[in-house]
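Student: I'd like to go through this one with you and ask how each label is earned.
Tutor: Sure, pull it up and ask away.

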Amino acid sequence: MAELYSLHWRRAYRAAYLVVHDAAAAEDVAQDAFLAAVDALDRFDRRRPFAPWLHRIVINRALDWSRREALRRRVDRAESVFEPLPPPDEIGGEMIAALKELPAEQRAVVVLRHLLEYTPGEISSMLDLPRGTVNSRLRRGLDRLREAAELESLEKERG
Amino acid sequence: MSRRDPLAGALREVEIPAPGGAEERGLRVVEAAFAERTTGLQSSSELRGARTPTTSERRGRRPLPRLALAMALATLLAALLLSPAGAAVRSWVDEVLTATTPKPEPTLGEIPGGGRLLVQSAAGPWVVQPDGSRRLLGDYEEATWSPRGLYVAVAEGRTLSAVEPDGTPHWSSTAPARVSDPRWAPFGTQIAYRSGRTLRVIAGDGTEDRLVAGGSAPIAPAWSPLGDPTLAYVSGAGALRLVNSESLVDLAAAPALDDVAEIEWAANGDSILEASRRALRLREVQPRKLPPRPSISVTHPLPVAAGATVVDAALAPEKETVAAVVTNWRDNGTRSSVVLYGPGDAKPRRLLTVPGSLGEIAWSPDGRKLLVTWPAVNEWLFLPLGRGGESAVANISSAFAPGGQAASFPRVDGWCCRR
């Protein structure tokens, strides 16, 4: 179990963080996913890879957290004039800041596709969503990220 | 994904914060759970009622299954006799022992208390009819009932739409920026919503869209329940403001609660509930003749235990009674309570305390029941205000997944309708 945990924890935590954008919540989500996996070991088909099974739990738990938090608007609050986003100091930071502004559902598919490298078909199965919904969320998310990146470069050009 | 994909590279390599010792802490918890499981102490069914997903686990305490709970309680009760610190332990034990919840129905049937629910899932909003039948409205990010439940306002990206409860589109309007927090006025004539950081209002038929305020905090606005076009919102500067949505005249302003997360106007129009993660208060709305604008300077705090977190709060449909879900995190784990603050009550009344985290709370249209979500055990609880009649429904996630498969836990966005 320790070996399995060490192999997968960092990626699980990173995926959770990129959806919830809250370190404590990401820790909870990652830990809870491993606990859920332990609970369900009897039902796990050991001929299949462990990672997609774990990632499915991670992303769904992260979405649960994000939706509950949406009520309190903690995610949106980070976009507000009260708490402006810290200025990104690198290209990755810009991407992450833009990712944070996406709705949680779009963040989840972007993380599954671009961090965890699942195909839209696999994401569709993991999130129990129609393939078209996955594709549309991915497209909308990437469009917004592209717009953010273009805006950033335009602002830099203008000085 | 190609390694030349800049997004993939950024997601893989960007530095992200992690709480100190998170990986090691998690390993200890997971190893303990695994060891517990392999010694046969645990079954998945035993988790019900004791499963907490978050902070208790972070502290290295595995939520206890019932068999293990009994063993642990025996140890704790012994400690009560031996330890001077027993009072705190006894308090916790008492609460766990009294945290009785009804046996859940396996599937969602008739809604206890009647009415219709609006439920937001990963796939979009669902309308649940009184008999429990449900329909997915479409791939929308948010939804809210019209006052009589004849329509649902839905938001997706920059588009605000009105659809019928069977999903039939009625009208759509495109806003300048992303639409969020739509709220239908009590008499149906207008819908207020946020677009980016601005506050806008559109007529109930989708016409006459206009800007009301240029800076709005990310909190849903609240309409006056009295039929006048008065809208309460929190400005970007953190003030609670009242504005006439037709004349755009500012009517009143006062500093809102620090970190306010939710506002709601009481049904009698006399007060506005302000809720943050740490505090609750009712703000009086007093009419004045000269000038003909309300005063909102008087506030009444509602007691919240030190260190507790307010998860959600809601005003009863007809009274100034506030129901709230409050979570406490202590050494012995997370506990959540449903508490009621009645008008004139000296202290709040606790309806229920359970181990773990509860979610949203909603009043039934007649104000006699509360729906409380319990994501940790995948259930909804229906709690009457009097004695008896509690009920619960299990397997909520799969009830709101298009294929019927287990999915993420949905959010309750409304219980319709008062009239």
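Student: What percentage of the 159 residues of chain A count as buried?
Tutor: This is a predicted model, to start with. In chain A, 50% of the 159 residues count as buried. The label takes 20 or more other C-beta atoms within 10 Å of a residue's own, so 50% of chain A meets that cut-off.

Student: What makes up the secondary structure of chain A?
Tutor: Helices: there are 8 of them, and 0 strands. Read from the N terminus, the order is α-α-α-α-α-α-α-α.

Student: How do you know which contacts of chain A join residues at least 24 apart, and what share do they make up?
Tutor: Take the contacts between residues at least 6 apart in sequence; 63% of those join residues at least 24 apart. A contact here is a pair of C-beta atoms within 7 Å.

Student: Why is the set around A:A16 called a nonpolar core?
Tutor: Because its members are buried residues of nonpolar kinds such as Ala, Val and Ile, joined through C-beta atoms within 7 Å. The largest such core has 157 residues, and A:A16, A:V19, A:V58, A:I59 and A:V111 have the most contacts inside it. That core also draws at least three residues from each of domain 1 (19-97) and domain 2 (116-416) of chain B.

Student: Which residues does A:A16 touch, leaving out those up to four places away in sequence?
Tutor: A:A26, A:V29, A:A30, A:V58 and A:A62. One of these, A:V58, is also among the core residues with the most contacts.

Student: How do you know where confidence in chain A is lowest and highest?
Tutor: Look at pLDDT, the predictor's own score from 0 to 100. Chain A averages 78, with 77% of its residues at 70 or above. Helix 4 (residues 74-77) of chain A has the lowest mean, 40, while helix 6 (residues 104-115) of chain A has the highest, 92. Over residues 74-91 of chain A the score stays under 50, and the model has 28 contacts beyond four places in sequence for that stretch.

Student: On to chain B. What makes strand 17 and strand 18 of chain B a pair?
Tutor: Pairing takes at least two bridges. Strand 17 (residues 271-275) and strand 18 (residues 280-284) of chain B have 5, in the antiparallel sense, so they qualify. B:I272 stands opposite B:R283, and B:E274 stands opposite B:R281. The two strands form a hairpin with 4 residues between them.

Student: How many bridges join strand 18 of chain B to strand 19 of chain B?
Tutor: There are 4, and strand 18 runs antiparallel to strand 19 (residues 299-302) of chain B. One partnership there is B:L280 with B:L302. Both strands belong to an open antiparallel sheet of 4 strands, in the order 16-17-18-19 (chain B). Strand 16 (262-265) and strand 19 of chain B are its edge strands, each pairing on one side only. From one strand to the next, the twist averages 20°.

Student: Why are strand 3 and strand 28 of chain B said to stand at the edges of their sheet?
Tutor: Their sheet is open and antiparallel, with 4 strands in the order 3-2-1-28 (chain B). Strand 3 (134-136) and strand 28 (411-416) of chain B each have a single partner strand, so one side of each lacks a neighbour in the sheet. Strand 3 of chain B pairs with strand 2 (residues 124-128) of chain B over 3 antiparallel bridges, and B:V127 has B:R135 as its bridge partner.

Definitions and conventions. Residues numbered from 1 in each chain as written. Chains lettered and ligands numbered in written order. Predicted model: local features only at pLDDT ≥ 70, side-chain atom pairs only at ≥ 80, totals over all residues. Buried ≥ 20, exposed ≤ 12 C-beta atoms within 10 Å, placed from the backbone. Contact = placed C-beta atoms within 7 Å. Domains from an automatic or database assignment. Axes fitted to C-alpha atoms, helices over the stretch in contact; angles between N-to-C directions.
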